[in-house]
Amino acid sequence: SQTLDETRRIAYHLRPFQLDRFGLTEAIKVMIHDAEGVSNVKFLSTIESVDDCFSKESEISIFRIIQEAVNNVMKHSSATQAAISIARARSVVSIRIADNGKGYSSAVERTENAPSQNHRGGFGIHSIRERVQILGGTFSISTGDRGGTNLDIAIPKQNSK
């Protein structure tokens with residue numbers, strides 16, 4: 001018999017139905033729209049099509065990376081606005097999530113001091129970092145010049161289109 005936590009962990013890793021229904025780019029847009037509908041954060045997005053850039057398996061990780069980042073903005077940042085940009089270059093896809101909240105160090109202190117909450121509710125920054133590394137990408141997080149948090153990710157494209 002599986003515990004509730006095991007069931008949630010398995011469900012979290014399953015392929016989101018939105019990927020098959022809409023493709024990666026549109027699934028990300030729908031997720032952001034849905035997040036804005038259930039939070040006080042205004043999400044601004046500039047998203048280039050990345051539907052042909054990654055394997056089906058990698059698409060799951062990219063969707064989950066952005067999902068976790070959006071959840072972090074909603075739960076931990078106290079932001080009123082966030083900007084999400086996804087841009088493709090010849091060999092890499094760049095993702096930036098920037099908010100006008102209280103900055104990275106405050107959010108980290110809260111999650112670091114409450115590991116059980118972090119593991120129960122999601123995998124947080126640690127999960128994002130691991131997924132990016134598995135995809136061969138780079139990850140940085142910083143507090144912006146005027147506060148807020150900037151999350152910058154670059155992931156090598158897997159398909160040459």
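Student: Which residues does Phe43 touch, not counting residues up to four places away in sequence?
Tutor: Bear in mind that this is a predicted model. Phe43 is among the residues with the most contacts inside the largest nonpolar core. Leaving out anything up to four places away in sequence, Phe43 touches Ile32, Ala35, Glu36, Val70, Val73, Met74, Ala82 and Ile84.

Student: How many residues does that largest nonpolar core have, and which element gives the most to it?
Tutor: The core has 36 residues, with Phe43, Ile95 and Ile153 making the most contacts inside it. Elements giving two or more residues include helix 3, strand 1, helix 7 and strand 5. The top contributor, with eight residues, is helix 4.

Student: What is the order of strands in the sheet, and which strands stand at the edges?
Tutor: It's an open sheet of five strands with mixed pairing, in the order 1-2-3-5-4. From one strand to the next, the twist averages 10°. Two strands each have a single partner, so one side of each is left without a neighbour in the sheet: strand 1 and strand 4.

Student: Over how many bridges do strand 3 and strand 5 pair, and which residue in strand 5 stands opposite Ile95?
Tutor: Strand 3 and strand 5 pair in the antiparallel sense, over seven bridges. Within that pairing, Ser94 faces Ala154. As for Ile95, the residue opposite in strand 5 is Ile153.

Student: What about the other partner of strand 5: how many bridges join strand 4 to strand 5, and which residue in the hairpin turn has a positive phi?
Tutor: These two strands run antiparallel, joined by six bridges. One bridge pairs Thr138 with Ala154 in strand 5. Strand 4 and strand 5 make a hairpin with five residues between them, and the turn residue with a positive phi, about 90°, is Gly147.

Student: Which strands does helix 4 lie across, and at what angle does helix 4 run to strand 3?
Tutor: For a comparison, take helix 3 to begin with: helix 3 lies across strand 1 and strand 2, running at about 170° to strand 1. Helix 4 lies across strand 1, strand 2, strand 3 and strand 5. Its angle to strand 3 is about 10°.

Student: Is Ser61 in helix 4 buried or exposed, and which residues is Ser61 in contact with beyond four places in sequence?
Tutor: Ser61 sits in helix 4, which spans residues 56-76. Its relative accessibility is 15%, and the cut-off for buried is under 20%, so Ser61 counts as buried. Leaving aside neighbours within four places in sequence, its contacts are Arg131 and Leu135.

Student: Why do the buried residues of helix 7 count as being on the same side?
Tutor: Helix 7 covers residues 124-134, and its buried residues are Gly124, Ser127, Ile128, Arg131 and Val132. They are on the same side of helix 7 because, around the axis, they cover an arc of only 130°.

Student: Which residue just after helix 7 takes a positive phi?
Tutor: Helix 7 ends at residue 134. The positive phi comes just after that helix, at about 80°, and belongs to Gly136.

Student: Stepping back, how many helices and strands does the protein chain have, and what share of its residues count as buried?
Tutor: There are seven helices and five strands, running α-α-α-β-α-β-β-α-α-α-β-β from the N terminus on. Among contacts between residues at least 6 apart in sequence, 68% join residues at least 24 apart. Of the 161 residues, the buried share is 42%.

How values were computed:
Residues numbered from 1 in each chain as written. Predicted model: local features only at pLDDT ≥ 70, side-chain atom pairs only at ≥ 80, totals over all residues. Heavy atoms only, no water. Buried < 20%, exposed > 50% of the residue type's maximum accessible area, 1.4 Å probe, protein only. Arc of directions from axis to C-beta. Contact = heavy atoms within 4.5 Å. Core = buried A, V, L, I, M, F, W, Y, C linked by side-chain atoms within 4.5 Å. Pairing = 2+ DSSP bridges. Axes fitted to C-alpha atoms, helices over the stretch in contact; angles between N-to-C directions.
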